[in-house]
Amino acid sequence: MNPRVALLHGPNLNMLGRRPAAHYGTLTLPQLEAQVRDWGTQRDLDILTFQTNHEGAFLEHVHGLVGGVDGAVVNPGAWTHYQWSIRDALELLAVPFVEVHLSNVEQREPHRRISVIRDLAAHAIWGRGPEGYRDALDFLAERHA
Ligand code: DQA
């Protein structure tokens, strides 16, 4: 059986394609998820996609994944910068995960430089657009996620 990798997106990422292209590019979320699924197939990884705008739904989805995935690629959107409950849920998921941001969070507003999940993440990638997700899969594949 292929390793299973959860692809988790937080708030407003369902609106990709309509958000400022200079930061987020032009792909819609379904297009991005399809691309990541293809990259997963090429690396013998099964990708399980999920996006929500609701904190509780995100938490309960992660709870349901406990024991069922080998790794995760997580873009929590704005929750990255302040949402401690998301951090706690990722901690209890207890698998290697990569924090990914489409935009260059280090070179935008100061609040985007803060990540409450960074020290839990096995790796973090920002500012590489969709390619960052491919790099995240490479990282997990090398670790046999
Ligand atoms: C984001 C960066 C966050 O600061 C922002 O709130 C997002 C998307 C990114 O992918 O660049 O919604 O995580």
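Which side chain has an N or O atom 2.8 Å from an oxygen atom of the ligand? Asn75 is one such residue. The model is predicted, with local features requiring pLDDT of at least 70 and side-chain atom pairs pLDDT 80 or more, whereas totals for chains, interfaces and linings use all residues. Residues are numbered from 1 along each chain as its sequence is written, and side-chain values use heavy atoms, without hydrogens and water.

**View 1. Polar contacts of the ligand.** A polar contact is a pair of N or O atoms within 3.5 Å; within protein, one must be able to donate a hydrogen and the other to accept it, and residues adjacent in sequence count only if both atoms are side-chain atoms. A polar backbone atom of Leu102 lies 2.8 Å from a ligand oxygen. For Arg112, a side-chain N or O atom is 2.8 Å from an oxygen atom of the ligand. The protein covers 98% of the 320 Å² of accessible area (Shrake-Rupley method, 1.4 Å probe) that the ligand has on its own.

**View 2. Residues around the ligand.** The surrounding residues (a heavy atom within 4 Å of the ligand) include Arg19, Tyr24, His81, His101 and Val105. By class, this shell comprises four nonpolar, five polar and two charged residues, with Gly counted as polar.

**View 3. Surroundings of Gln51.** Gln51 belongs to strand E2, residues 46-51 (strands are DSSP runs of at least two residues, numbered from the N terminus). Its side chain makes polar contacts with the side chains of Asn14, at 3.4 Å, and Asn53, at 3.1 Å. Excluding residues up to four places away in sequence, Gln51 touches several residues (heavy atoms within 4.5 Å), among them His9, Pro11 and Leu29.

Definitions and conventions. Helix = DSSP H or I, 4+ residues; strand = E, 2+ residues; numbered from the N terminus.
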